[in-house]
Every structure is written in structure tokens, then in C-alpha cells.
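Subject: Model for your files

Hello,

Here is the structure I said I would pass on. My notes on it follow below.

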Amino acid sequence: MSAVINAIHYCVPAQRLTQAELAARFGAGPVQSIAKMSGILERRVAPPGVTAADLAYGAARGLLAARGVDPATIDLLIFASQTPDYQIPATACVLQHRLGLRMDCAAFDLNQGCSAYPYTLAVADGLIASGVAKRALLLNADTVTRVIHSRDRSLLALHGDGAAATLLEPASEENTGLRGFALGSDGSGAPYICMPASGARQPRNEATRREKSDEAGNVRTDEHLGMNGPAVFHFSVSRMPDIIRGALQKWGLTVDDLDLVLLHQANRMMLDLMYKNLKIAEEKRFYFMETVGNLAGASVAVVLAEAWRQGRLKPGALTLLVAFGNGLSWGLALHRWPKALLPPVSAQVDYVAE
Amino acid sequence: MTPEEKHARLQEIFREALDLPELRLTENFSMADCPVWDSVATVQIVLAAEAAFKVRIPTEKVATLHRAGDLLALLQ
């Protein structure tokens with residue numbers, strides 16, 4: 001038995017980082033140059049004290065209230081993030097208590113970056129199929145802006161903070177819900193998106209706090225997130241289309257069978273090149289990055305939620321979710337919507353502290 | 001395409017990506033010499049070179065691309 005996405009909701013901070021603010025800090029030229037390629041004109045940024053777990057809590061509370069779901073019926077909670085509240089313990093356990101979930105609810109963290117959503121769905125789908133869980137709440141959240149140096153324009157201009165909550169349950173209609181997954185990784189590209197002094201491999205010390213600049217003048221330390229932008233962009237546009245074609249072939253499908261293709265919202269030009277390479281028709285494309293930024297691990301879940309809110313999901317339609325990012329890592333999830341498709345969660349998306 | 005023709009075509013690509021119409025491209029021309037050569041420009045240059053020369057440049061080479069000579073060497 002496969003599992004079906006019965007509700008999804010997202011939460012972003014109300015605070016915005018505008019083009020004007022970035023231009024004042026870095027100059028208009030470089031900021032415009034990045035925006036021309038990324039298509040990102042505004043980012044939502046969590047204020048001090050608000051964490052990815054807080055945004056996830058906001059998304060979960062909104063979803064549970066809007067759907068009238070009793071928290072006591074949730075028996076699986078996965079918190080997927082690379083910006084958790086703690087290294088120890090798992091943030092999912094803290095959220096289990098905070099959300100008022102049962103003590104026999106399985107709760108654990110999943111450490112994955114921008115590719116997190118298909119991984120989260122695949123794990124939960126497997127636990128539901130094996131009978132371990134019946135009703136899963138999946139929380140995909142990141143506050144990546146918190147780990148970017150304030151003078152690193154290349155990353156600040158791209159990223160925002162956000163979270164999504166997904167309700168996954170056994171499908172009641174045949175041949176609906178999650179129909180396939182393709183997960184993969186290429187660790188040779190691990191250095192391309194990396195926060196070097198963020199764990200046991202490189203303990204933090206005076207040297208890791210030292211600021212350094214790249215050729216373009218972006219400043220960071222080894223305690224901040226760094227990205228080799230050209231390498232990541234090149235991997236995405238040159239490898240991901242082949243990976244997607246391979247998965248479709250394995251499933252006996254072509255792009256013509258898909259009704260909607262949602263890609264990780266990293267960069268508008270990157271997505272356009274991928275869509276074009278795959279010959280995905282305009283009406284099967286959807287974008288949601290211009291006003292929120294690249295939301296890292298929450299990105300694909302949030303773009304799915306927004307597509308639902310904007311009426312882009314149709315009963316019986318087939319949606320392909322494609323995520324890729326640090327690791328390097330990628331994941332695809334194929335989902336067919338039930339004929340009795342529920343309306344979207346229409347609760348507010350701006351974070352309000354509780 | 002001769003090495004001279006490749007150089008000329010790559011010079012056009014650099015001129016367009018960096019918006020420097022008078023640029024005389026040398027092997028030693030690097031990001032360090034040119035404030036407008038940022039990561040966005042690197043992406044534009046690589047994609048344009050792949051299309052113009054009908055090659056796929058390995059991602060690990062893109063990751064370390066800092067001077068024009070690196071790219072010219074890959075295209076020979």
C-alpha cells in the first residue's frame with residue numbers, strides 16, 4: 001500500500017531582505033547580476049531567536065488546525081533539516097513534545113540538504129507500507145541564512161528561511177499517492193556546498209573563525225556555509241536531466257505522462273535550462289522563489305504547497321518532485337493525486353511566535 | 001576549428017559574459033584580474049563554451065576554473 005500526501009502547509013518568517021538592502025551593502029551591479037540569473041528578488045529571513053524548528057512548528061500547527069487533525073493520531077514525526085536546534089538531541093523529539101504528540105510516536109531527524117523532501121517522503125512511505133506508522137507528519141525546515149556570513153553576497157542573495165509540514169497517510173484510492181522514488185548521491189562533490197567547521201572533522205578554533213575572501217570579494221570563515229556556485233550550477237544543469245530521464249525510463253513513463261514537474265527552487269535560469277533540456281511544456285512548469293528565495297531543505301515541499309494553493313494540482317494528475325543539492329545528493333518522488341483531491345490548506349503562511 | 005579560431009571564439013564568449021567588448025583574452029586572464037568576473041559570469045562562460053564547442057566540461061574542472069587558460073586547455 002502506498003501513502004498519499006493529504007495536506008501540506010508552509011511557514012516563512014515575515015521579515016524580508018530586499019534588493020535595495022543588498023544593493024546598499026554590496027553595490028547595485030553585483031546584486032542585479034545575481035538576480036538576473038537567480039530570479040530571486042526578495043528573501044524571507046528568520047529574526048534572531050527564531051529557528052527552523054520554530055518555523056516547522058508554525059507550519060505543523062497551521063496544518064493540524066486547518067485540517068482538524070488530532071495530534072494524538074500522529075504516530076510518526078520526521079524533522080528534516082541541516083539547521084536543527086541541537087546536535088544532541090534530535091529536534092524531532094523536542095517537537096514531539098511541543099506539538100503534543102503521543103509518546104509512542106516515532107520521532108527522529110533526517111539530515112539532508114536541498115534534496116531532503118523526496119528522502120523524507122521515501123522513508124515515511126516505507127514505514128507506512130511496513131505497518132510501523134499510519135499517519136506521518138513530515139517537517140522540512142531550514143534557516144540557512146543563519147549560517148551565511150553577512151558579507152557573502154553570493155549566498156545571501158539566494159537564500160531564505162522556511163518550513164513545510166506534510167501529512168502522509170495510507171492511500172484510500174488505488175494507484176494514487178507515492179508511485180516511485182529515485183534517490184542518489186555523488187560524494188565526490190561534497191566540498192562544493194560545505195560548512196567545513198560544523199562537526200567532528202574540523203573542530204572550531206581561532207583559525208576556523210578567520211575571515212577570508214574569494215576572488216569576487218565574498219567573505220566567509222570555515223564556520224560559515226560555502227558554495228562553489230559554478231560547480232553546483234553545472235552539476236544541476238548537466239547531470240539532473242539525465243537522472244530524471246533515467247528514472248522516468250525505469251518507471252515506464254515519459255515527460256508527456258507528467259502533469260506537473262516541480263524542481264528545487266534554487267535559481268530561475270538553472271530551472272529554465274533543466275525544463276528546456278527535458279522538453280517540459282510551459283504549462284507543466286511552476287516557480288516559487290522570487291519572493292521567498294531558495295529555502296534549501298524546505299524548498300520542494302514549499303513549492304508543492306504553493307502549487308496546491310494556486311490550484312495547480314488536479315484530481316488524478318501525476319506530479320514529479322525533483323530535489324538536488326549538497327552532498328551532492330538528489331531525490332525524485334512521483335505522486336498521483338487522488339480523484340477526491342482535498343482543497344489546499346489555506347491558513348496564513350507568515351510566522352507568528354507562539 | 002584551429003587553436004586560433006578557438007581562442008577567438010572564446011574571447012567573444014568572455015567579452016559578452018563580462019560585458020567587456022575590448023577585452024584581449026590571454027591565457028593568464030583570471031578572476032583575480034577582473035572584478036566583474038564572478039561566479040555568475042563563470043557559469044555563463046562555461047555554458048556558452050559548452051554550446052559553442054559542443055563539449056561537456058567535467059564539473060570538477062568547472063569547480064576550479066579561475067583563469068582563461070584553464071578553459072582553453074580543456075577545449076584543445
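Leu76(A) stands opposite Ala136(A) in β6(A). I start from that pair because it leads into one of the sheets of chain A; please keep in mind that this is a predicted model.

The five-stranded sheet of chain A

The pair belongs to the parallel pairing of β4 (residues 76–80) with β6 (residues 136–143) of chain A, which are joined by five bridges. Ala80(A) likewise has a partner in β6(A), namely Asn140(A). β6(A) also pairs with β7(A), here in the antiparallel sense and over eight bridges. Within β7(A), Gly162(A) is the residue opposite Asp142(A).

The sheet as a whole is open, with five strands in the order β1-β7-β6-β4-β5 (chain A) and mixed pairing. Its edge strands, β1 (3–11) and β5 (106–110) of chain A, each pair on one side only. Neighbouring strands are turned against each other by 15 degrees on average, direction ignored. Helix α9 (residues 299–309) of chain A packs on this sheet and touches β1, β6 and β7 (161–170) of chain A. The direction of α9 makes about 95 degrees with that of β1(A).

How enclosed is β6(A)? Eight of its eight residues are buried, so the strand is largely enclosed by the rest of the structure. In a regular strand the side chains alternate between the two faces of the sheet. In β6(A), Ala136(A), Leu138(A), Asn140(A) and Asp142(A) point one way, while Leu137(A), Leu139(A), Ala141(A) and Thr143(A) point the other way, and all are buried.

The four-stranded sheet of chain A

A further open sheet has four strands in the order β8-β15-β14-β13 (chain A), again with mixed pairing. β8 (177–185) and β13 (260–263) of chain A are at the edges with a single partner strand each, so one side of each is left without a neighbour in the sheet. The twist from one strand to the next averages 10 degrees. Inside the sheet, β14 (residues 318–325) and β15 (residues 329–336) of chain A pair in the antiparallel sense over eight bridges. One bridge links Ala323(A) to Gly331(A) in β15(A).

One residue of the edge strand β13 of chain A is worth a look, Leu260(A). Is Leu260(A) buried or exposed? Leu260(A) has 21 other C-beta atoms within 10 Å, and the cut-off for a buried residue is 20 or more, so Leu260(A) counts as buried. Leaving out residues up to four places away in sequence, Leu260(A) touches Lys284(A), Phe286(A), Ala307(A), Arg312(A), Ala317(A) and Thr319(A). Of these contacts, Ala307(A) is 47 residues from Leu260(A) in sequence, with 9.4 Å between the C-alpha atoms.

The domains of chain A

Chain A is divided into domain 1 (3–175) and domain 2 (178–196 + 220–336). The C-alpha centres of the two domains lie 16 Å apart. Between them, 46 residues of domain 1 are in contact with 46 residues of domain 2. On the domain 1 side, the elements that give two or more residues are β1, α2 (28–38), β3 (42–44), α5 (116–129), β6, α6 (153–156) and β7 of chain A. The largest share of that side, seven residues, comes from α5(A). By type, the residues of the domain 1 side divide into 24 nonpolar, 16 polar and six charged.

Chain B and its contact with chain A

Chain B has four helices and zero strands, in the pattern α-α-α-α along the sequence. The radius of gyration of chain B is 11 Å, close to the 11 Å that the globule rule gives for 76 residues, so chain B is as compact as a globular protein of that length. Its C-alpha atoms fill a box of roughly 30 × 25 × 20 Å along the principal axes. Of the 76 residues, 29% count as buried. Among contacts in chain B with a separation of 6 or more, 54% are between residues 24 or more positions apart.

The contact between the chains takes 14 residues from chain B and 17 residues from chain A. On the chain B side, α2 (39–53) and α3 (59–63) of chain B are the elements that give two or more residues. α2(B) supplies the largest share, five residues. The chain B side divides into eight nonpolar, four polar and two charged residues.

Regards

Note on methods. Residues numbered from 1 in each chain as written. Chains lettered and ligands numbered in written order. Predicted model: local features only at pLDDT ≥ 70, side-chain atom pairs only at ≥ 80, totals over all residues. Rg over C-alpha atoms; globule rule 2.2 N^0.38 Å. Buried ≥ 20, exposed ≤ 12 C-beta atoms within 10 Å, placed from the backbone. Contact = placed C-beta atoms within 7 Å. Pairing = 2+ DSSP bridges. Axes fitted to C-alpha atoms, helices over the stretch in contact; angles between N-to-C directions. Nonpolar A, V, L, I, M, F, W, Y, C, P; charged D, E, K, R; others polar. Domains from an automatic or database assignment.
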